[in-house]
Amino acid sequence: MKLSVGAQSDVGRVRERNEDALLLHDPLYAVADGMGGHRAGEIAARTAVDTLRGEPLGDGAHALAERVRQANRAVLDTAAGDRALEGMGTTLTAVLLAGDELRIAHVGDSRAYLLRGDAFTQITEDHTLVQRMVRQGRLTPAEAEVHPQRSILTQALGVDPAIEVDELSVPVLPGDRVLLCTDGLTGMLSQEEIEGTLRETPDPQAAADALVAAAVDAGGIDNVTVLVIDLLDDSGGRPALPPAPEEADEAEEAEEAEPEGETGDEPDDTASVERVARPARAPARPRRWRRAVVAAAAVALLVTGAVAAKALYVDRQWYVGESNGMVAIFRGLPAEPLGLDLSTLVEETGLPAAEVERL
Ligand code: CA
């Protein structure tokens with residue numbers, strides 16, 4: 001199989017710097033979304049993709065994930081050598097075409113999607129707090145998608161030497177289209193809007209350009225980076241993308257129902273795949289703006305803790321509080337923003353809290 005690839009990245013309308021990075025190194029492709037003060041985010045993302053490119057990858061099924069672990073060490077080492085880079089991190093979602101399978105290694109909340117036939121499926125799982133809560137049944141997928149705390153990561157490169165890299169292998173066919181993107185795309189556009197643009201735009205570069213332009217038009221509150229990877233047969237032939245099914249009324253209903261969240265009876269993957277793709281159009285805009293405003297409010301909320309939303313790794317936050325009248329150590333965040341409990345009791349000290357208060 002051959003690949004035809006389109007790529008685009010934009011700083012957006014709000015950020016001063018583009019802290020995303022992308023890698024085009026046939027047959028290896030990746031996106032990274034850096035975070036950290038000053039230039040640190042850019043350096044983290046760049047270090048990750050440079051390490052990924054490195055020497056040629058071995059044939060082993062785990063070679064790509066091992067390279068991502070190496071990238072994690074490289075980000076940690078770079079940060080250790082410069083105080084200004086302390087606390088930097090990055091997401092990394094990488095794909096490698098090996099024969100007729102696509103190997104994927106993934107950490108963070110950048111995403112890989114597969115468009116095949118009628119289906120448009122997210123193939124990576126976000127390493128975010130809200131995704132963890134979906135798995136625990138505490139949020140529905142629809143609630144997680146618009147949750148103001150959805151950018152809080154549970155894993156990123158540059159945080160912990162013992163990183164857990166998700167590894168996936170997807171058999172691919174000529175005609176498949178793979179999307180890699182940072183959350184600057186998925187935070188601004190619905191999955192239906194993204195799918196609609198991918199179906200309407202056969203040329204991968206034009207599709208990447210159109211997606212980035214749409215995310216910027218929708219507010220561009222974050223850096224946005226997109227890779228569109230088309231799988232072609234050995235002669236370079238491109239089977240036509242199937243049009244979306246024509247069930248506009250049903251799509252309209254699904255759209256209207258979305259803000260209240262789905263019933264939770266069915267996984268959102270199924271629901272979104274069944275939903276009809278449609279071109280981006282005017283009625284979708286107010287919802288996107290609302291999303292942007294909610295995200296901005298979340299940033300404001302978290303900045304009160306003197307931490308940028310993306311730089312917040314919940315599992316690495318500790319604080320001292322009170323439990324059963326005793327001083328206790330918690331892991332997580334003391335606040336319960338919007339009713340979300342972000343902490344776990346780790347240890348009660350046996351030291352009465354009332355005595356400490358008197359000190
Ligand atoms: Ca981002």
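**View 1. A salt bridge between two exposed side chains, Arg 83 and Glu 86.** A residue counts as exposed when its relative accessible area is over 50%, as buried when it is under 20%, and as partly exposed in between. Arg 83 comes in at 74%, so this arginine counts as exposed. Its partner Glu 86 has a relative accessibility of 57% and therefore gets the exposed label as well. Nitrogen and oxygen are 3.9 Å apart in this bridge. Keep in mind, here and in every other view, that this is a predicted model.

**View 2. The whole chain, before zooming in again.** Eleven helices and 14 strands make up the secondary structure of the chain. Of its 359 residues, 49% count as buried. Take the contacts with a separation of 6 or more: 69% of them are between residues 24 or more positions apart. The accessible surface adds up to about 16,500 Å², and carbon and sulfur atoms own 52% of that.

**View 3. The largest nonpolar core, with 28 residues.** The members that touch the most other members are Leu 52, Leu 64, Val 68, Met 88, Leu 92, Leu 157 and Val 165. Two or more residues each come from strands E2 (20–25), E3 (28–35), E5 (92–98) and E6 (101–107), and from helices H1 (40–53) and H2 (63–80). H1 is the top contributor, with seven residues. Apart from this core sits another one, built from 21 residues that include Phe 120, Ile 194, Leu 198 and Ala 214. As a rule, nonpolar side chains in soluble globular proteins tend to be buried together.

**View 4. Leu 157 and the residues it touches.** Which residues does Leu 157 touch, not counting those up to four places away in sequence? Ala 48, Val 68, Ala 71, Asn 72, Val 75, Met 88, Gly 89, Thr 90, Leu 92, Val 107 and Ile 163 are the ones to look for.

**View 5. The calcium ion and its aspartates.** Which residues supply the protein donors of the calcium ion? Asp 33 appears twice in the list through OD atoms, and Asp 183 and Asp 222 each add an OD atom, with distances to the ion running from 2.3 to 3.1 Å. Along the chain, the donors follow the spacing D-x149-D-x38-D. Asp 33 belongs to strand E3, while Asp 222 is in the loop between helix H7 (204–217) and strand E11 (224–232), so this pair ties together parts 189 residues apart in sequence. With just 3% relative accessibility, Asp 33 is buried. Asp 222, at 10%, is buried too.

**View 6. A cis peptide bond between Asp 26 and Pro 27.** Omega for this bond is about 5°. Pro 27 is found in the loop between E2 and E3.

**View 7. Arg 111 in strand E7.** Is Arg 111 buried or exposed? Its relative accessibility is 15%, and because the limit for a buried residue is under 20%, this arginine counts as buried. Strand E7 spans residues 111–116. Within it, the side chains of Arg 111 and Tyr 113 make a polar contact of 2.8 Å. Leave aside the neighbours within four places in sequence, and Arg 111 is in contact with Thr 93, Gln 122, Thr 124, Asp 126, Leu 179, Leu 180, Cys 181 and Thr 186.

**View 8. Arg 116 and Asp 176, joined by a salt bridge.** The closest N and O atoms are 2.6 Å apart. Arg 116 is in strand E7 and Asp 176 in the loop between strands E9 (166–171) and E10 (177–181), which makes this a link between distant parts of the chain, 60 residues apart. Asp 176 is buried, at 2% relative accessibility. Arg 116, at 30%, is partly exposed.

**View 9. Arg 13 meets Asp 217 in a salt bridge.** The N to O distance is 3.9 Å. Arg 13 sits in the loop between strand E1 (2–10) and E2, and Asp 217 in helix H7, so the bridge ties together parts 204 residues apart in sequence. Arg 13 is exposed at 53%, whereas Asp 217 is partly exposed at 40%. Across the whole structure there are 14 salt bridges. Elsewhere, Arg 46, Asp 50 and Arg 53 are linked in a salt-bridge network.

**View 10. Helix H6 (residues 191–200), mostly covered.** How many of the ten residues of H6 are buried? Nine are: Gln 191, Glu 192, Glu 193, Ile 194, Glu 195, Gly 196, Thr 197, Leu 198 and Arg 199.

Key. Residues are numbered from 1 along each chain as its sequence is written. This is a predicted model: local features need pLDDT of at least 70, side-chain atom pairs count only at pLDDT 80 or more; totals for chains, interfaces and linings use all residues. Side-chain values use heavy atoms; hydrogens and water are left out. A nonpolar core is a set of buried Ala, Val, Leu, Ile, Met, Phe, Trp, Tyr and Cys residues joined through side-chain atoms within 4.5 Å. Buried means under 20% relative accessible area, exposed over 50%, partly exposed in between (1.4 Å probe, protein chains only). Helices (H or I, at least four residues) and strands (E, at least two) are DSSP runs, numbered from the N terminus. Contact means heavy atoms within 4.5 Å. A polar contact is a pair of N or O atoms within 3.5 Å; within protein, one must be able to donate a hydrogen and the other to accept it, and residues adjacent in sequence count only if both atoms are side-chain atoms. Accessible areas come from the Shrake-Rupley method with a 1.4 Å probe; for residues, only the protein chains shown count as cover. Donors are N, O and S atoms within 2.8 Å of the metal (3.2 Å for Na, K and Ca); water is not among the atoms, so sites may look incomplete. A salt bridge is a side-chain nitrogen of Lys or Arg within 4 Å of a carboxyl oxygen of Asp or Glu.
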